[in-house]
Amino acid sequence: FHNTRGFGTLAGIQVDPNPYVCNPQIDIKTPERWYVGANQVTARLRTVAGKATEVELACIDAASGREVAERTRVDIPADGAREVSLSIPAATDGRHLRQLVAFDAETPTRSLASSPVMHITTAPILAVELISPPYRNLIQSRDPRKELRVKGAVGNTDARDLRLRASLIEEGKWTPRWQASTPVRPRSDFEFAQSLEDLATGHYTLRLDLIDAEHHLLATRTEKLSVLPPAPFEVTFDSKTACYVNGKPFFPIGMFAGLPTEEDLQRISASPFNCLMPYFLWGQGSSGLIEDQRKYLALSERLGIKTIYSTKDLHSDWVVSYLERLHGVEGKKAVLTHLVEAVRDDPNIIAWYINDEMGVADVEKVREQYNVTRDLDQNHPVWMCDYRPEVMRRFWGTSDVYGVDWYPVAWLPVGAVVKGSAKARDHVFSARPRWDAPQAHNLQTYNAGAV
């Protein structure tokens, strides 16, 4: 074995190439989605010594070393390659480690080549994703389209004549407000849509049942929906993650700032920018008094500049202590509640900013602040930014809008920013709106004339 230390856990079997006639690497093509039961994998084996070779291709559980399927005999031509399709089993739902290993047909215990370890997570019998309503499962009065849209997939089953039955049940009631069904097939994707235009204000449960020809229940999933009463100011998103403010499209072209003066706001108003995220509206570098905050917001609104209100500094104890004294309240939650309730109905506010590159260890702290903000204000989203796209997955469920704040962009090719944005899209599954924030704030960069 080339690396016995990794055998059976992470690396599986690795073969020393020198003594053997096969290329030690088996190339594989795996399915996009794995199911409980048989899954087809294509393996490509190659010779390197100029003579035909016969091997036995085995599938092993890379965690235990146990073979999980019958071996397949494969003849590899001299100076050539052979592709073969194999059935890889996954007997139970969950996670599995599988690896293909080629053994010498004449000496079946002698390994000649191996594939990378396949990390398999089998698809459940019913997987669903609520595409619409796209924002917090909420329907607001000015939403551009009030529609239920569900995407999903059916796993492996031998049941016949499958149907997906959708029921919408109002809170406190047993009889569905409506019920509809659509045919689905095993190992296939599906999409289901239903209008929600006439749905009354209230809270609902969407129940999705997978049933067979005899109406046996094979799987069920539920989602919570709410229809909000009309509010003075509403921010929402459509199914393509485009933002709407009071029913009209709004694309934020914004800037981060400390706390702009009136002269700054006048200059910004004359530019293409249409919103700002002032870090210190709450008090640093200003009085922080609510009446002064409202004056700033009123001026910004008159000049056509929307505001994303930052509460991200409330993760710092000294900021909380300062604001406790300033506003006469006690505790972080009380400070946050005071600020949100004071300005949430201001027409200038379009979102809350609660996470600026926080560490993964602080996920629960951010989640708590998100939950409080969400419960206090259903009509405005919460935004976070991080220069590490891979971190966003860890903060899933702590924001409504995500952004990559690459910086300084003057030191990076444009392609790097594009790649970072694409990586962020992958890590948030394309399912959340993104307001990216490419930055060029380094003063040395400015002084060098690079921007």
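Colleague: In which loop is the place of N137, and is N137 buried or exposed?

Modeller: In this predicted model, N137 sits in the loop between β9 and β10. A residue counts as buried when its relative accessible area is under 20%, so N137, with a relative accessible area of 19%, is buried.

Colleague: What is there to read in the backbone of N137?

Modeller: The angle to look at is phi, which for N137 is near 60°, a positive value in a residue other than glycine. The loop between β9 (126-132) and β10 (138-139) also holds P133, and the peptide bond that leads from S132 to P133 is cis, with omega near 5°.

Colleague: Which loop holds T241, and what is its phi?

Modeller: T241 is not a glycine, yet its phi is positive, at about 70°, and this residue belongs to the loop between β17 (235-237) and β18 (243-245). Partly exposed is the class between the cut-offs of 20% and 50%, and because its relative accessibility is 30%, T241 counts as partly exposed.

Colleague: What does L228 touch, once residues up to four places away in sequence are left out?

Modeller: With those residues left out, L228 touches L138, I139, Q140, T201, Q378 and N379. L228 itself is placed in the loop between β16 (217-227) and β17, and it counts as buried because its relative accessibility is 11%. A further pairing is seen in the C-alpha atoms, where L228 and G202 are 6.8 Å apart in space and 26 residues apart in sequence.

Colleague: How should I read sequence separation across the whole chain?

Modeller: One takes the contacts with a separation of 6 or more and asks what share of them joins residues 24 or more positions apart, which in this protein is 65%. The protein has eight helices and 25 strands, and of its 451 residues, 46% count as buried.

Colleague: Why does the length of helix α5 agree with what is expected?

Modeller: The expected span is 1.5 Å times one less than the number of residues, so the 14 residues of α5 (residues 363-376) should span 20 Å, and the C-alpha atoms at its ends are indeed 20 Å apart.

Colleague: Which residues of α5 are buried, and what do they pack against?

Modeller: The buried residues of α5 are V363, V366, Q369, Y370, V372, T373 and L376, and the elements they pack against are α4 (332-343), β23 (349-356) and β24 (382-386).

Colleague: Where is the place of H315, and which residues does H315 touch?

Modeller: H315 is found in the loop between β22 (306-310) and α3 (317-327), where it is buried, because its relative accessible area is 11%. Not counting residues up to four places away in sequence, H315 touches K332, I354, M358, K365, V366 and Q369; V366 and Q369 are among the buried residues of α5.

Colleague: Turning to the surface, which residues form a nonpolar patch?

Modeller: The nonpolar patch is formed by F251, I253, M255 and F273, which together have about 380 Å² of accessible area. F251 lies in the loop between β19 (248-249) and β20 (254-257); the cut-off for exposed is over 50%, so F251, at 67% relative accessibility, counts as exposed. For the surface as a whole, the protein exposes about 22,700 Å², of which carbon and sulfur atoms supply 50%.

Terms used: Residues are numbered from 1 along each chain as its sequence is written. This is a predicted model: local features need pLDDT of at least 70, side-chain atom pairs count only at pLDDT 80 or more; totals for chains, interfaces and linings use all residues. Side-chain values use heavy atoms; hydrogens and water are left out. Patches are made of residues with over 30% relative accessible area and no salt bridge: like charges are joined within 9 Å, nonpolar side chains (Val, Leu, Ile, Met, Phe, Trp, Tyr) within 5 Å. Accessible areas come from the Shrake-Rupley method with a 1.4 Å probe; for residues, only the protein chains shown count as cover. A salt bridge is a side-chain nitrogen of Lys or Arg within 4 Å of a carboxyl oxygen of Asp or Glu. Helices (H or I, at least four residues) and strands (E, at least two) are DSSP runs, numbered from the N terminus. Buried means under 20% relative accessible area, exposed over 50%, partly exposed in between (1.4 Å probe, protein chains only). Contact means heavy atoms within 4.5 Å.
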